[in-house]
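Open the model in your viewer and keep the selection box handy. We will go from stop to stop, and at each one you can select the residues named and look around.

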Amino acid sequence: MKTVVLYASGYGYAKEMAEQITSGLVGDVQCVNLNVKQKLDLKDADTIVLGSSIYVGQVHKSMKEFIKSNHDLLLSKRLVIYLCCSFEH
């Protein structure tokens with residue numbers, strides 16, 4: 001089973017969570033930073049994990065772009081989504 005963990009992080013917390021998720025998975029697992037432009041082949045992935053920071057009520061720009069560009073592919077995969085936001089009390 002192939003899993004790809006994709007994340008977009010503004011301040012690093014979504015990256016930390018992606019690394020923790022990746023380290024807890026077994027099998028063929030890849031962790032990818034969407035802020036770094038690269039060619040991705042997700043056709044063989046069984047599961048895709050999408051993780052993003054939230055800033056001013058919005059997911060990271062690179063995550064939005066990725067989802068729009070890969071909408072049909074994502075609908076055919078098992079998806080896991082996590083969101084990270086921080087606020088002070």
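## Starting in a loop

Select Val36 first: Val36 is found in the loop between E2 and E3. Helices (H or I, at least four residues) and strands (E, at least two) on this tour are DSSP runs, numbered from the N terminus. Before moving on, note that this is a predicted model, in which local features need pLDDT of at least 70, side-chain atom pairs count only at pLDDT 80 or more, and totals for chains, interfaces and linings use all residues. Residues are numbered from 1 along each chain as its sequence is written, and side-chain values use heavy atoms, with hydrogens and water left out.

Val36 counts as partly exposed, at 46% relative accessibility. For the burial labels, buried means under 20% relative accessible area, exposed means over 50%, and partly exposed is in between (1.4 Å probe, protein chains only). Now add Ile81 to the selection and draw a distance between the two C-alpha atoms: Val36 and Ile81 are 45 residues apart along the chain, and their C-alpha atoms are separated by 20 Å.

## The salt bridges

How many salt bridges does the structure hold? There are two, where a salt bridge is a side-chain nitrogen of Lys or Arg within 4 Å of a carboxyl oxygen of Asp or Glu. Side chains of opposite charge can pair when their charged atoms come close.

Select Lys37 and Glu65. Their side chains meet in a salt bridge, at 4.0 Å from N to O. Lys37 lies in the loop between strand E2 (28-33) and E3 while Glu65 lies in helix H2, so the pair ties together parts that are 28 residues apart in sequence. Lys37 counts as exposed at 69% relative accessibility, whereas Glu65 is partly exposed at 36%.

Stay with Glu65, which is found in helix H2 (residues 61-69), and add Leu34. The C-alpha atoms of Glu65 and Leu34 are 9.5 Å apart, with their positions 31 residues apart along the chain.

Next, select Lys15 and Glu19, whose side chains meet in a salt bridge of 3.9 Å, N to O. Both residues lie in helix H1, four residues apart, which is about one turn of the helix. Lys15 is partly exposed at 37% relative accessibility, and Glu19 is partly exposed too, at 41%.

## A buried lysine

Jump to Lys2, in strand E1. Which side chain of opposite charge is nearest to Lys2? That is Asp28, 4.7 Å away; Lys2 is buried yet has no salt bridge. In this count Lys and Arg are positive and Asp and Glu negative, with His and the chain ends not counted.

To see the surroundings, show the residues that Lys2 touches, not counting residues up to four places away in sequence: Asp28, Gln30, Asp41, Asp44, Ala45, Asp46 and Thr47. Contact here means heavy atoms within 4.5 Å.

## A nonpolar patch

Switch on the surface and select Tyr11, Tyr55 and Val56. Together they form a nonpolar patch on the surface, with about 470 Å² of accessible area. Patches are made of residues with over 30% relative accessible area and no salt bridge; like charges are joined within 9 Å, and nonpolar side chains (Val, Leu, Ile, Met, Phe, Trp, Tyr) within 5 Å. Accessible areas come from the Shrake-Rupley method with a 1.4 Å probe, and for residues only the protein chains shown count as cover.

Take the members one by one:

- Tyr11 sits in the loop between strand E1 (2-8) and helix H1 (13-24), and is exposed at 75% relative accessible area.
- Tyr55 lies in strand E3 and is exposed at 56%. The C-alpha atoms of Tyr55 and Gly10, 45 residues apart along the chain, are separated by 8.3 Å.
- Val56 belongs to the loop between strand E3 (47-55) and strand E4 (58-59), and is exposed at 70%.

Check the backbone of Val56 as well: its phi is near 55°, a positive value in a residue other than glycine. Most residues other than glycine have a negative phi.

## Two cysteines to finish

Buried or exposed: what is Cys84, and what is Cys85? Select both to find out. Cys84 counts as buried at 9% relative accessibility, whereas Cys85 is exposed at 53%.

A search of the whole structure finds zero disulfides, a disulfide being a pair of cysteine sulfur atoms within 2.5 Å. The sulfur of Cys85 is 7.9 Å from the closest cysteine sulfur, in Cys84, which is too far for a bond.
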